[in-house]
Amino acid sequence: MSLDSQINALRTDFSAAIAAANDEAALDTIRVSALGKKGRVSALLASLGSMAPEERKSAGPAINGLKAEIAGLVEARSTALKSAALDARLKAETVDITLPLQPAPTTTGRIHPISQTIDEITAIFSDMGFSIAEGPDIETDYLNFTALNFSEGHPAREMHDTFFMKLGPDGIKKVLRTHTSPVQMRVMQKTNEKPAASYLTPAMDPPIRVVMPGRTYRNDSDQTHTPMFHQVEGLVIDQSSHIGQLRWVLEEFLKAYFEIPNVTLRFRPSFFPFTEPSMEVDVQCDRSGSEIKIGEGSDWLEILGCGMVHPNVIANAGLDPDVYQGFAWGMGIDRIAMLKYGMPDLRAFFDADQRWLDHYGFRPFDLPTLFGGLSS
Amino acid sequence: MSKLPSEFYGNIAHTHKAIDDARGFADVFVELIKISRALPPMIGGKPDFRQGAKHMKFTLDWLKEHLDTDASPAEIGDTLTLIGLELEGMEDQGKALSSFVTAHVVSAEQHPNADKLRVCKVDAGTGELIDVVCGAPNARTGLKTVFAAPGTYIPGKDMTIGKGNIRGQVSNGMLCSNAELELSKDHDGIIELPEDAPIGLPYSKFAGIDGVVFDISITPNRGDATGVYGIARDLAAYGLGTLKSTDMSPVPSKGKSPIAPLPQQFGADEPKTIRRFGGRYIKGVKNGPSPAWLQQRLRAVGLRPINAIVDITNWVSLGWGRPLHAYDADKIVGQPVLRNARNESLDALDNKIYTLDETMTVVADESGPLCLGGIMGGIRSSTTDETVNVFMECASWDPDLIARTGRKTGIVSDARYRLERHVDPALTDPGLELATRLVLELCGGEAIEPVISGDDVYANTVIEFPLSEVRRLTGLDVEPMIVTAILTKLGFEFAPKGDVFSVKVPSWRPDVMLKADLVEEVMRMIGVDNIPVEPLARLSHVAPRMLTTIQNRRRIARRALASRGLDEAVTWSFISHDEATRFGGGQEELQLANAIAADMTDTRPSLLPGLLAAARRNANRGAHDLGLFEVGQVFLSATPEGQHTYATGIRTGTAGITGAGRHWSGKAEKVGVFDAKADLAATLDALGVDIDKVHILAEPAPWSHPGRGGRIALGPKVTLGWFGELHPAWAAELDLTGPVAAFEIDLDALPEPRKKATKTKPALALSSLMPLSRDFAFVVDSAVSATVILRAARGADKALIKDVIIFDVFEGSHVGEGKKSVAIEVTIQPNDRTLTDEEIDAISASVVAAVTKSSGGVLRT
């Protein structure tokens, strides 16, 4: 067989084989059988040595050309095979990206409206320079009543409205606090004792500016009362604060809380044992529609109670009521939450109905701030 | 029943002072639910007396009897609110009742198809007879009554009457009771008019109910405003007219009283409710219905006329705030006395029998109690139309003891309402004269000399009042002349001493004791709205930190848990005793002495019972896959330090972090211990606690599945929380089906962040060398916990081992019975130079040595 025919035969055989190689391994086998040490092209190349110089002059380039040609084909086929393998893998890994997501990673839980409202109140009063004070739910009869100017024989101490605790080993008469007002006394009273627990606010020296949110209890349950509810109380004690400033604080708070530019309040003289003078405050509202609109209309809605801290209360805290004075106010957190967000019914607050929580609750990152807005 | 004298002491209208007094600030809260009326009454609920509690009704005419004024009803209404006598309602009764007409029942026959109904032919002056079916027992032929034509709104029923057919009989309208007209609570039958009443006249016109009725609420300190006279005094002080005086001068007596002054028979240690008792025998009266104008006046404010004597006592009670009681003198046996009850009972005017104890003062004769003093009279000695001789009582009582007796007996009467709020002691004797005068005017008879025992108590308060006090407390500058004018009109007397006034408080205002009380009097007459608004200056220009650590922790815990898909719940602070005990509480000091319901008796030792109950309720509504949490108080003792804030959460059904229910990627798995652990760990992480640095101990909480729960601790003493699957037996007893994963975190147990000198963080050293990893597998006893292996491996070379994770755990016969294989990957971070093979082998060897030593296992080969 002539050298040319040999070269052509090898070219034909290997071209076909390379084209037919389905993976890198097969291709490599072909490469070795052609170009390896014992490969057929290598063998042909080795035969150059036994050729006559004249013959070698023409055969050399031909055989080397074949070697280069086959190497090129192997390289090209290898690249093609790699690309096809990647394509196949990518195809195998492809999913229908229109399939719905798993619910959990996108569905967050909800913050209860009471917590959200407390955070809103906190944001507003923090900006006015108030800090947050707290006391226990199980409160002494003394701080809940006596210190707040309910006299010893006062009917409230025996009344059905108060939840009394059974006597414990310390023999101290205790109640479930009927209001957040005992925290006032905890904050004001002159004492050098460290608070018994870390959540208890240490006693402060005037000037005092605190707000006191928390759970409160009354032995009362009907269409408009639940035995547990929430109040927030505010207290300012210094040597000059008066009702004119109380009006300002309440107006500013209500504007900020309801996120309205103006609010008209009506102050009515009233009575609370722990303030004197005492007032109840109505806010202007419109009740003509299906929802109450605060800050417009011609109707009034009771919203909070307030007054100058009673001289007896200041004295009970160990301060001189002729030197120190100040004001306090209180309101129902549940109530102002209902007014702002339109929950129709109080009992549902404490039922933990998932549907209610999902509807009236707030997203975890709806963080009430003044710079970002209280509500979205 | 309709003829029973349920007079004065017996008019059920108001409630007790105690409720009003205990009102906190936020009780305005009550008002709220004008928004919502749809709330069902709750278990163990009791009637709300507050509605009727502090209210006082009077007509414009009645007010004008005490106040000379041209002010319009609207002006009066607004002023009442501004001066602290809050207007709750103002109604033109004539308008409301103008559609009701007087009518004659021409015939009333038994309904053929209903025993209790009658078919009436009614003449309402329209010229034709109207068919009306009526169920009232007193609907009878010949009766004059009140008729509402179809289309009339019936206020007492909150409905509009239409044409109808009642059991086969046509009915074109309605015959009405006082309750249906909202004139009283009298449901006993349709209104009975005198036989000579005209027909077809608007009933408001006939009854003279054409005036404006004011309905105001009275704060508990204002006993003086429980009479129209006191209200008029306030309005006059405001400048809305002139107060008219009443003739209370002594009425001449004839003869000696057959009843001696009532002896007050009390031991030294006994509670004595009576102070001064005035009584007067009035001989030969002619009792019977009172004049129409008086009846109308009482009806207009919701009282039922009884007879002239009783109506007079009500008139004085409401008009001057001075309760009275009238006895039929002929029914008193022997000499009456004042003493405490001796386990006796009283047939009271509200037709109930009350058992009285030795703390309650009664007026008693030889046959026993006649009247529960200051609260309610008895039937035995009540006046009737036939009464000829009257013994009229006007007495003053200890307000606190009246309140106590009122509460004990539960009797709610007009007399108690006033007497427990304090009635002017200066009115005891004049009140008796006034009553006598009115009886003589309306019923005739002869007044015998008054008989009086005991002494009144006067506060006689004098306050040193610097005028600057008004400015100090309110910020309002008021002219001294205005201050004195206001206080004078309110009855205060002055002795000026420079800038300080000596102010004598009138007998009807015992609530005024201090300078601040006087400031309030001035303020309410000037109007709070006239006080200039003044900004409250900040104490510092940039606010310091406002929240404490625990307050921040609560906020963070809430948001962290919500971001993991759990909804925040707020559940009751009290639970049943059984549940409290089950969860480690139930101690005596944590029990309520007066629980409102059987399932709300104990303050909660854990938030889990409330959340599990919520899960049960939600499951009953079909929501079985649920994530809930609460951040709230638990009560470990009744001391302040025993009250901790917990963050507690549950997941039920398939409500894992990857979502609940069915999904194309595969069915969601049931929640388990690792869901709870993950929630707990994520929350601790959000709170700044590194979960890798706490102890995770296989010491499950009592509520937990014993093999699927653990405790998280910081050192031997501090427990941060628990996690686990709810014990199947507990779940069954709590009526929960399906798995529940739960965790509890004690937010108060978290360490306080250390106070550092600076906020600077430690320097960060970053290696430029590649980390490398080595895998090991150990065969250990099944009981060996993962923590043991992880800690040992980490501790093998603290300088170079950066991380250890477990990537495989399995048990099977080929690793041996009671054994398991645990595979770990150890990440080694070279610090300053590449490690040699020998060094890496040495680290590997120390890992193997440490793990095999601490776990008792062997390296798997």
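Where in chain A is A:Pro207 found? That is a good place to start with this predicted model, and the exercises below take it up before moving on to chain B.

**Exercise 1. Place the cis peptide bonds of chain A.**

Solution. Step one answers the opening question: A:Pro207 sits in the loop between α7 (182–188) and β4 (208–217) of chain A. Step two looks at the bond leading into that residue, from A:Pro206 to A:Pro207, which is cis with omega near 0 degrees. Step three turns to the bond from A:Glu276 to A:Pro277, also cis, with omega near -5 degrees. A:Pro277 belongs to strand β7 (residues 275–286) of chain A.

**Exercise 2. Describe the surroundings of A:Asn149 and A:Ala352, and decide for each whether it is buried or partly exposed.**

Solution. Begin with the backbone. A:Asn149 is not a glycine, yet its phi is positive, at about 80 degrees. For A:Ala352, phi is near 55 degrees, again positive in a residue other than glycine. Next, find their places: A:Asn149 lies in the loop between α6 (141–144) and β3 (174–176) of chain A, and A:Ala352 in the loop between α10 (333–341) and α11 (354–360) of chain A. Last, count neighbours, remembering that a residue is buried if 20 or more other C-beta atoms lie within 10 Å of its own. A:Asn149 has 19 C-beta neighbours inside 10 Å, so it counts as partly exposed. A:Ala352 has 24 other C-beta atoms within 10 Å and is therefore buried.

**Exercise 3. Work out how the buried residues of helix α22 of chain B are arranged.**

Solution. Start with the helix itself: α22 (residues 837–855) of chain B has 19 residues and reaches 27 Å from its first C-alpha to its last, close to the 27 Å expected at 1.5 Å a residue. Now pick out its buried residues, which are B:Val847, B:Val851 and B:Ser855. They cover an arc of only 30 degrees around the axis, so they lie on the same side of α22(B). It helps to recall that an α-helix has 3.6 residues a turn, so residues three or four places apart point the same way. Then ask what this side meets: the buried residues of α22(B) pack against β38 (772–781), α21 (786–795) and β40 (819–828) of chain B. On the other side of α22(B), B:Glu838, B:Asp841, B:Ala845 and B:Lys853 are exposed. To finish, look just past the helix, where B:Gly856 follows with a positive phi near 70 degrees.

**Exercise 4. Explain why helix α7 of chain B is largely enclosed.**

Solution. In α7 (residues 228–238) of chain B, 10 of the 11 residues are buried, so the rest of the structure largely encloses this helix. Among the buried ones are B:Tyr229, B:Arg233, B:Asp234 and B:Tyr238. B:Gly239 follows α7(B), with a positive phi near 110 degrees.

**Exercise 5. Describe the side of chain B that touches chain A, then the largest nonpolar core.**

Solution. First the contacts: 113 residues of chain B are in contact with 108 residues of chain A. Helix α16 (residues 549–563) of chain B gives the most to chain B's side, with 8 residues. By class, that side has 54 nonpolar, 30 polar and 29 charged residues.

Then the core: of its 246 residues, B:Leu372, B:Met392, B:Ala435, B:Val439 and B:Leu628 touch the most other members. Helix α9 (residues 308–320) of chain B supplies the largest share of this core, 8 residues.

Conventions: Residues numbered from 1 in each chain as written. Chains lettered and ligands numbered in written order. Predicted model: local features only at pLDDT ≥ 70, side-chain atom pairs only at ≥ 80, totals over all residues. Contact = placed C-beta atoms within 7 Å. Helix = DSSP H or I, 4+ residues; strand = E, 2+ residues; numbered from the N terminus. Nonpolar A, V, L, I, M, F, W, Y, C, P; charged D, E, K, R; others polar. Buried ≥ 20, exposed ≤ 12 C-beta atoms within 10 Å, placed from the backbone. Expected span 1.5 Å × (residues − 1). Arc of directions from axis to C-beta. Core = buried A, V, L, I, M, F, W, Y, C linked by C-beta atoms within 7 Å.
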